[in-house]
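Here are a few short exercises to work through with the model open. Try each one yourself before reading the solution.

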Amino acid sequence: MAKNYEFAVLLDFYGDLLTEKRRDFVSLYYNEDLSLAEIAENEGLSRQGVRDTIKRAEEQLLEWEERLHLARMFRTLSEKSHRLSELAARLSAVGGEEQQRIAAELQSIAQELQELG
């Protein structure tokens, strides 16, 4: 089972919706980088049992993202706020009092968006 670290991101968004066991196993596997065998040994379970639990959790995380798109929206919001900030800096460099005022307002909006994340 190759690790797809996108699940660590999805866990941040939807982890509280998983059962405690699934959330813990996914966190140990992706965030703590433990192997299936290590988790199994620590939990007193079989490696296959741990793998099945993580697999079911991954399926749930993907389903929730497919329906709600929270991680995708967060990424888009973050990218757009960084782009807005870059444009504000460029506008500010052009000069002029009105451009400076607009640039400051754009920078303020970009900062507010970044703080949402």
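The exercises below go from the whole chain down to one residue. Residues are numbered from 1 along each chain as its sequence is written, and side-chain values use heavy atoms, with hydrogens and water left out. The model is predicted, so to speak with care: local features need pLDDT of at least 70 and side-chain atom pairs count only at pLDDT 80 or more, while totals for chains, interfaces and linings use all residues.

**Exercise 1.** Work out the fold pattern and whether the chain is compact or spread out.

*Solution.* Start with the elements: there are 6 helices and 0 strands, taken as DSSP runs numbered from the N terminus (H or I, at least four residues, for helices; E, at least two, for strands). In sequence order that reads α-α-α-α-α-α. Next, the radius of gyration, taken over C-alpha atoms, is 21 Å, well over the 13 Å that the globule rule (2.2 Å times the number of residues to the power 0.38) gives for 117 residues, so the chain is more spread out than a compact globule. Finally, the C-alpha trace spans about 70 × 25 × 20 Å along its principal axes.

**Exercise 2.** Place Ser81 and decide: buried or exposed?

*Solution.* First, find Ser81 in helix H5, residues 70-94. Then check its relative accessibility: at 1%, Ser81 counts as buried (under 20% is buried, over 50% exposed, partly exposed in between; 1.4 Å probe, protein chains only). Last, list its contacts (heavy atoms within 4.5 Å): leaving out residues up to four places away in sequence, Ser81 touches Ala110, Leu113 and Gln114. Across the chain, 26% of the 117 residues count as buried.
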